[in-house]
Every structure is written in C-alpha cells, then in structure tokens.
Amino acid sequence: MYQIKESNSELVTQHYLGMTYENRPMYYLKISQPSNKAKKIIWMDCGIHAREWISPAFCQWFVKEILQNYKTDPKIKSFLQNLDIYILPVLNIDGYIYSWTTERLWRKSRSAHINGTCFGTDLNRNFNGSWGSIGVSHNCSSLIFCGTGPESEPETKAVARFIEKRKSDVLCFLTIHSYGQYILTPYGYKTDLASNHQDLVRQRNTLHVSVEAAEKAAVALKEKHGTNFTVGPTSLILYKNSGSSRDWAHMIGIPFSYTFELRDKGAYGFILPPDQIQPTCEETTAAVMTIIEYVNQKHFPNSAVAVTSGSLWLGLSVLFTWTLS
Amino acid sequence: MQRRSAARLGPLLLLLLLPLAWGEGPSPPRADGELQVSNRLAGQAARVALHYLNYRTGSPSALRALGQVRKATVKTIPGIGHKYYLQFTTEDYKSSQNVGTCLATVLYLKRKPRPAVNINCTYTKDQKQTREDDYSFYKKMRQQTKPITGNDIPDSYGNIEPALEPAWALAVAGSSYLMWEKSTENLGYFMAQVKNVKQWITKDDSIDFDYSVVLHEIPTQEMISCHLRVIWTPGHPLKVKYFCLSENQRSESGEGSGTESGSTNGIFNEEEANF
C-alpha cells in the first residue's frame with residue numbers, strides 16, 4: 001500500500017481507519033481526482049472473512065487497474081470527475097494473518113472470549129442491521145458467532161463509524177467475499193418487502209434499480225471469461241443472515257449495497273487454484289466498473305451527456321472542416 | 001408453516017409444534033410448486049443429487065459439479081417429506097466445462113436416513129478418455145511398492161501436485177458418499193481440502209486409501225473433519241467408510257458399498273408433468 005501511495009501520490013492517498021483487536025492499524029486507500037468539485041463516495045472492502053484469499057487479491061488488482069488506466073480510459077476519467085473510490089484491502093487483518101501463519105480455513109476475527117478459551121467474531125454478523133436475529137450463533141465456538149453485541153468488534157466499529165459519518169455522500173457500498181459466484185442484494189435478514197403500499201412502491205423502485213445494476217454487472221463479468229454469476233436477494237438465493245455489512249449499509253440509506261461472492265462454486269472453494277486468480281480479478285473488475293459507471297450515470301446524468309456531446313461536436317467540426325477543404 | 005387459529009388449545013398446540021418436527025434450519029418451502037431457479041433450496045437439492053451421482057459413478061476422472069438449475073419444483077408428500085423435481089446442467093468438476101444435463105428427484109425424508117435420489121444425466125465428455133484416465137491412475141497405484149502419502153491437498157496457495165491430483169479426485173468421490181448422507185434440505189456440503197492421504201497396499205485387485213478431509217458446511221460455515229477409507233476398483237462401486245467429528249464433538253459414522261437404494265440410470269414412475 002505504501003508503494004502505491006508513493007508512486008501515484010497525485011491520485012491515491014492512504015488514511016487511517018482504526019485498530020484491529022490485536023492492535024494492527026487499518027488503512028484504506030482513497031482514489032480521488034483533485035478538483036474543486038464535491039464528490040460522492042464509492043466504498044469497497046475486501047477480506048472481512050480471513051480464508052477468502054481471492055478477495056484481498058481482487059482489491060489489490062482493482063487498485064492497480066485504476067492506476068494503470070485512469071489517464072487513458074474515458075470511463076474511469078468520467079466517473080473520477082464525480083466519485084471518490086475508497087478501498088479497504090483487508091478488513092479483518094488479524095484473521096487474514098492467522099490464516100497465513102496458522103490455520104488456512106479460519107474465518108472470523110481474533111478477538112478473545114470466555115477468558116481466552118475461545119476466539120473470533122464473524123465480522124459479517126456483527127453490524128447493526130437486525131443484529132443477532134437470524135442466521136447467527138450467540139456461541140463463540142460457532143463460525144457465525146455474531147459477537148457480544150452489535151459493533152462489539154473494533155474492526156466493525158471502525159468501518160461503521162467511518163461510513164456513518166459520510167453516509168449522505170456514500171452512493172455505493174461493496175463488500176467482497178468468496179465463494180459461490182453471486183452478486184447479492186439486500187436483505188439477508190428478511191425476505192418480506194415493505195408492508196404499506198407507499199413503502200412498497202418506493203422499495204420496489206429502489207430494489208429494482210439496485211437489481212438492474214447488479215444484472216448489468218453480471219453480464220459484463222460473463223463477457224470476460226464466460227463465468228456465470230447469480231444475482232438476487234441474499235435471503236432467497238444464499239441463506240438468511242443478520243448483522244451483515246451489506247444489510248446495515250442499505251438500512252442506513254446507502255442506495256447501492258452489494259455483497260460479491262467470487263469464484264468458484266465449490267470445487268476448490270476457498271483454496272482457489274493460482275491460475276484462476278488473474279481471470280477472477282479481471283472479470284470482477286469488469287463487474288465493479290459496470291456498477292460504478294451505473295451509479296455515476298444515475299447520480300450525475302449530465303456528465304455522461306457532456307462526454308458524448310463533446311465527441312459529437314468534435315465529430316461535427318471535423319466533418320465541417322473536411323467539407324470546406 | 002401455515003398456522004390456523006383453532007378453537008381448542010389441543011390442536012393449536014399440535015400445530016405450533018409441527019415446525020419443530022422439521023428439525024434444524026430455516027423453514028422449508030411454504031408452498032408446493034415451481035421454485036425460482038436461483039432459489040437456494042433448488043441449488044441445494046441439485047447438489048445432493050450430484051453427490052449421489054459422483055459416489056455411484058465412482059470415477060475420479062468423471063466428477064461433476066452443478067452448472068445451472070434450469071427448472072425446479074417441490075411437492076410436499078404428507079407424512080413423508082419434501083420431494084424436489086429438478087433439471088440442471090453440469091460442469092466438469094476440475095475444468096468447469098459443460099458436460100451435460102440431468103433430470104433428478106430428491107426426496108428429503110422427515111425421518112432419516114439419507115435423501116432419496118433418482119438421477120439421469122447426459123454425458124458429453126469422452127467416456128473412453130475418462131475410463132483410460134481412471135485406469136492409468138489405478139495402474140500406477142497398483143504398481144506402488146511404497147504407499148503414497150500426502151498432506152494439504154490443495155496447499156494453502158491452491159497448488160495440487162500433479163502426481164497427487166487423482167488421489168484428491170478419489171477423495172472427492174468418496175466424500176460425495178458422506179456428503180450425500182449428511183445433506184438435509186437446509187444443510188449442504190463441499191469438500192474443502194484433503195488434509196492427509198495414505199495408501200494401503202492391498203493383496204487384491206483394489207486400491208485402498210485412508211483420507212482426512214475437511215468439509216465446508218453451509219449455512220453454518222463450519223469446517224467438519226472426517227476420516228474416510230476408500231476402496232476402489234475401476235468400474236466397480238466405491239466402498240467408503242467414514243467417521244466425522246464436528247466442533248461440538250458430535251460424531252457420525254457410516255459405510256457405503258454401492259448397494260444403497262436410488263438410481264442413476266432412469267427416472268421410473270415419474271410423471272413428466274412433475275418436472
């Protein structure tokens with residue numbers, strides 16, 4: 001992260017988010033085109049579950065893609081005019097390190113419970129979104145232990161405080177996991193839609209927009225290497241769960257909130273063969289870019305038009321010059 | 001579960017207790033009929049059918065994984081359980097290439113044992129090739145004077161030594177028996193890793209392995225450690241013995257020899273309308 005920050009300091013800055021349980025500093029990267037304009041925010045975090053190694057790999061790849069192409073790719077240039085991208089490459093640093101040094105299939109954080117006889121909270125059950133209600137365990141020995149209370153873990157608190165403070169500017173919340181090949185929309189904690197008609201219509205419209213973006217992303221992803229991703233609400237296509245970061249983000253008002261479950265579908269699972277790392281990163285980049293472009297066009301419709309009308313004028317003036325000669 | 005208000009306490013109490021009878025996990029489908037193809041219960045049932053197929057086929061070179069569910073319906077059979085009718089595509093386990101489609105029924109019984117499966121599939125991979133690949137692995141193992149051993153397959157970085165790859169595939173086939181037995185309507189499994197493999201040199205025609213495997217359980221996310229003993233002769237049913245220990249020290253064991261009921265070569269007595 002230090003190297004990236006140093007060699008691209010006009011675009012990328014590194015910022016402190018908080019401390020992990022084992023006192024490691026959490027840093028995020030802010031990708032921001034300097035300008036006078038007030039920007040909206042895209043948030044992406046990787047590595048909330050320790051064993052899902054393809055996830056932090058993807059966040060790194062994605063940063064590299066932006067940095068290699070932001071000067072030449074018109075789509076990136078366009079959205080960077082309006083959006084800042086915040087990337088947290090590893091949310092669960094303690095767990096991730098533990099999976100490298102000690103137990104490859106570790107999932108949770110490394111917080112100590114019951115006098116140090118039991119370790120780890122499932123950080124993706126620890127957010128304040130219908131916390132503790134379904135698809136969790138209140139027992140530390142479980143891999144879906146939701147913690148002693150909502151945001152009981154320092155890692156959760158660090159992310160939640162940060163997003164909460166900026167929630168009116170955060171348009172999109174992406175959290176990257178493996179495996180399963182899904183793009184999951186809210187909610188995990190419930191299946192029912194709103195109960196009154198007004199809310200139902202509003203919710204249907206929001207959810208419709210949300211699903212449409214995800215479906216476009218799945219199409220773009222498939223175009224890269226033919227990989228099929230399934231799109232839909234978590235509770236229907238994966239399983240019911242509560243306290244997830246995706247649910248919480250949407251509940252505090254962030255319109256586009258998705259969980260990505262990357263390759264594969266279970267043949268190798270968490271331990272993906274190395275020859276699949278790059279193709280997975282390439283296809284996932286295409287999907288995430290599609291979502292960012294969608295959000296950009298939805299929220300800043302004029303900028304998209306400006307790009308096309310610019311090239312239209314250029315085309316017309318070239319034609320005009322040519323006809324004159 | 002639908003709950004109707006009752007005038008008397010007795011029947012009401014009985015109705016309230018019904019959900020408990022279904023055992024662990026979230027509620028089963030509320031209504032009979034067609035399911036969305038992306039519904040987790042459909043995928044879950046299709047995977048159970050494939051565990052059974054992989055076990056019964058008993059061919060490390062011909063393992064199949066779920067592609068996409070094309071159609072899924074569910075029927076409640078009162079007093080017995082839930083029956084799923086499925087159409088799905090399959091992929092080669094290792095390469096993810098499409099290798100054919102299946103029709104299957106999966107009956108989850110209220111009272112165990114295992115889900116009852118009938119499955120019939122097309123297979124587009126070159127069967128002569130898979131038979132040759134199986135036989136070449138078998139021959140190599142038969143020729144071992146020193147038993148092969150291995151640890152952590154794949155290793156943490158996803159690497160599988162080419163020499164150990166067929167033994168890993170045989171572990172998947174053997175684990176399929178165990179995963180079929182353990183699966184319920186709500187609990188599903190994948191084989192995450194072979195922790196250890198050790199060959200037993202045999203005096204007969206079979207090849208024989210001891211495995212320690214780790215299964216990934218959904219939706220609990222638990223990693224279940226199991227011991228497997230797999231005895232195999234190509235073209236014959238797999239013989240599998242297993243012993244598992246889970247986090248809460250519940251132990252389970254079982255034995256399979258290819259004689260269990262179920263079928264892989266036809267769907268008899270099923271009305272086409274059910275699919």
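The following dialogue works through several features of a predicted model with chains A and B.

Trainee: Which residue of chain A does UniProt list for "active site"?

Mentor: An annotation of this kind is best read together with its status. The UniProt record, an unreviewed entry, lists A:Glu261 under "active site". In the predicted model, A:Glu261 is placed in strand E10 of chain A, which covers residues 256–262.

Trainee: Is A:Glu261 buried or exposed?

Mentor: The relative accessible area decides the matter. A:Glu261 has a value of 8%, and it counts as buried because buried means under 20% relative accessible area.

Trainee: What is A:Glu261 in contact with, leaving aside its neighbours within four places in sequence?

Mentor: The list includes a run of residues from chain A: A:His177, A:Ser178, A:Tyr179, A:Gly180, A:Gln181 and A:Tyr182. A:Leu184, A:Phe229 and A:Leu238 are also in contact with A:Glu261. For A:Ser178 there is a distance to add: its backbone nitrogen lies 3.4 Å from a polar atom of the side chain of A:Glu261.

Trainee: How should one read the pairing of strands E1 and E2 in chain A?

Mentor: One asks for the sense, the number of bridges and the connection. Strand E1 (residues 12–19) and strand E2 (residues 25–31) of chain A pair in the antiparallel sense, over seven bridges. As one example of the register, A:Gly18 has A:Met26 in E2(A) as its bridge partner. The two strands form a hairpin with five residues between them, and in the turn A:Asn23 has a positive phi of about 65°.

Trainee: Which strands of chain B pair over six bridges?

Mentor: Strand E4 (residues 98–109) and strand E5 (residues 116–121) of chain B do so, in the antiparallel sense. B:Leu107 stands opposite B:Ala116 in E5(B), and a hairpin of six residues joins E4(B) to E5(B).

Trainee: What can be said of chain B as a whole?

Mentor: One may begin with secondary structure and burial. Chain B comes to four helices and 11 strands, and 48% of its 275 residues count as buried. The sequence separation of contacts is a further descriptor: among contacts in chain B between residues at least 6 apart in sequence, 58% join residues at least 24 apart.

Trainee: How is the size of an interface expressed?

Mentor: It is often given as the accessible area lost when the parts come together. Between chain A and chain B, the buried area is about 2500 Å², and carbon and sulfur atoms give 53% of that area. In terms of residues, 29 of chain A are in contact with 32 of chain B.

Trainee: How many salt bridges and polar contacts does the rule find across this interface?

Mentor: The rule finds one salt bridge and 12 residue pairs in polar contact, both residues of each pair being at pLDDT 80 or more. Helix H7 of chain A (residues 234–237) gives the most to the side of chain A that touches chain B, with three residues. The salt bridge links A:Lys265 with B:Glu91, whose closest N and O atoms are 3.4 Å apart.

Trainee: Which residues does B:Ala192 touch, not counting those up to four places away in sequence?

Mentor: B:Ala192 touches residues of both chains: A:Leu105, A:Tyr268 and A:Ile271 from chain A, and B:Pro154, B:Val214, B:Leu215, B:His216 and B:Met223 from chain B. B:Ala192 is found in strand E7 of chain B (residues 188–200) and counts as buried at 10% relative accessibility.

Trainee: How far apart are B:Ala192 and B:His51 in sequence and in space?

Mentor: They are 141 residues apart in sequence and 14 Å apart in space, taken from C-alpha to C-alpha.

Conventions: Residues numbered from 1 in each chain as written. Chains lettered and ligands numbered in written order. Predicted model: local features only at pLDDT ≥ 70, side-chain atom pairs only at ≥ 80, totals over all residues. Heavy atoms only, no water. UniProt positions renumbered as here; feature names shortened; annotations may be inferred. Buried < 20%, exposed > 50% of the residue type's maximum accessible area, 1.4 Å probe, protein only. Contact = heavy atoms within 4.5 Å. Polar contact = N/O pair within 3.5 Å; in protein donor to acceptor, adjacent residues only side chain to side chain. Pairing = 2+ DSSP bridges. Buried area = accessible area lost by both parts, 1.4 Å probe. Salt bridge = Lys/Arg side-chain N within 4 Å of Asp/Glu carboxyl O.
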